[in-house]
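Open your viewer and get ready to make a few selections with me. We will start from one residue and work outward.

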Amino acid sequence: MSSDTSSPHSTSPHGTSPQGASGDGFPAHGSASHRPSLAEALATGAVVLDGGMSNQLESAGHDLSDELWSARLLAERPEAITEAHLAYFEAGANVAITSSYQATFEGFAKRGIDRQEAARLLALSVELAQEAARQARDKGVRQPLWVAASVGPYGAMLADGSEYRGRYGLTVDELERFHRPRLEVLAAAGPDVLALETVPDAEEAEALLRAIRGLGVPAWLSYSIAGDRTRAGQPLEEAFAPAAEADEVIAVGVNCCAPEDVEGAVATAARVTGKPVVVYPNSGEAWDAEARAWNGRSTFAPEQVLAWRDSGARLIGGCCRVGPDAVASIARTLSVR
């Protein structure tokens, strides 16, 4: 899942640097006319991603036990989503991932929301993150800020845990037809990058790489993994390879995985693709679908990010159960050279 994940329907579940959170000398403001593109920033050094949106929303008292999950709040409480993004920007994040992970035309249709309104809500997810960036600058946040439009896998729409398995019984062409309309709406809303995230299967990645062609917005591709394989079982070397030839892809990596699986995946992604690597693992706790609760202990330690960076990771943050305090620690750690 994305930083907007840890869905209960799945089987697994202020301090800022004057130079930007990574300390690499990025312009000390967030206006689009003065900051580098995200791709340019990644070529310069590490950039800090946000953490789990669900952490913020649930801590604010919002009930996410719904098939639409946080996407429901796009219609009911959009200001809560802006507040969640703002908390991460204030913690030191450079990049906010939108609340569109589980937002699809098909998912909204199940709730009686027609395509026109669904398209408006998808675009709104980008606008809310952009508004949070404006508010952050007004409050004195000086690091450069970007917005990543989240595109979750087909299984996220099913809300039955299949996003952790892949192999939905659909062809690559069918998956491309599912993803393309949503991608077109999100791209038209003007994000800095499309986050193709929590992808469990190399075949779905192929469909997504087809679907982003011609949209005019860069993307990152991030798999959900177990060990050295995708959730569907493909070796990561095989899964990462298509991204090497995709001009639209500015970073490739992993998310919604155990922290201990990250370092090996980073090295493989960097070697296979030659591109900057994106990583945002879970805390290490496990989601118990029957008890509808997290259990175990966190194995995420902010100092781990130095090893990830040294292995090639350039876009670094957290996913499920990683909140603003941890993001602030990541930002501080990455500012150390």
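Select Y223 first and look across to β8: the residue standing opposite is V254. Keep in mind as you go that this is a predicted model.

Now widen the selection to both strands, residues 219-223 for β5 and residues 249-255 for β8. They run parallel, and 5 bridges join them.

Next, bring up the whole sheet. It is open, has 8 strands and pairs in parallel fashion. Walking across, you pass β1, β12, β9, β8, β5, β4, β3 and β2 in that order. Color residues 47-48 and 95-97 to mark the edge strands, β1 and β2, each of which pairs on one side only.

Then stop at β9 (277-280) and β12 (313-316) and add α12, which lies across both strands. Compared with β12, the helix runs at about 135 degrees.

Which helix should you show beside α12 (residues 304-311)? Try α11, residues 262-273, whose axis comes within 8 Å of the α12 axis. The two axes cross at roughly 15 degrees; with angles under 35 degrees counting as roughly parallel, α11 and α12 are therefore roughly parallel to each other. Their crossing is right-handed.

Finally, show side chains where these helices touch. On α11, pick V262, E263, V266, A267 and A270; on α12, pick A307, W308 and S311. How do the residues of this contact divide into nonpolar, polar and charged? There are 6 nonpolar residues, 1 polar and 1 charged.

Key
Residues are numbered from 1 along each chain as its sequence is written. This is a predicted model: local features need pLDDT of at least 70, side-chain atom pairs count only at pLDDT 80 or more; totals for chains, interfaces and linings use all residues. Side-chain values use heavy atoms; hydrogens and water are left out. Axes are lines fitted to C-alpha atoms, for helices over the stretch in contact, and angles run from 0 to 180 degrees between N-to-C directions. Helices (H or I, at least four residues) and strands (E, at least two) are DSSP runs, numbered from the N terminus. Angles under 35 degrees count as roughly parallel, over 145 as roughly antiparallel, 65 to 115 as roughly perpendicular and the rest as oblique. A crossing is left-handed if the near helix is turned anticlockwise from the far one by less than a right angle, and right-handed if clockwise. Contact means heavy atoms within 4.5 Å. Ala, Val, Leu, Ile, Met, Phe, Trp, Tyr, Cys and Pro count as nonpolar, Asp, Glu, Lys and Arg as charged, and the others, Gly among them, as polar. Two strands pair if DSSP finds at least two bridges between them.
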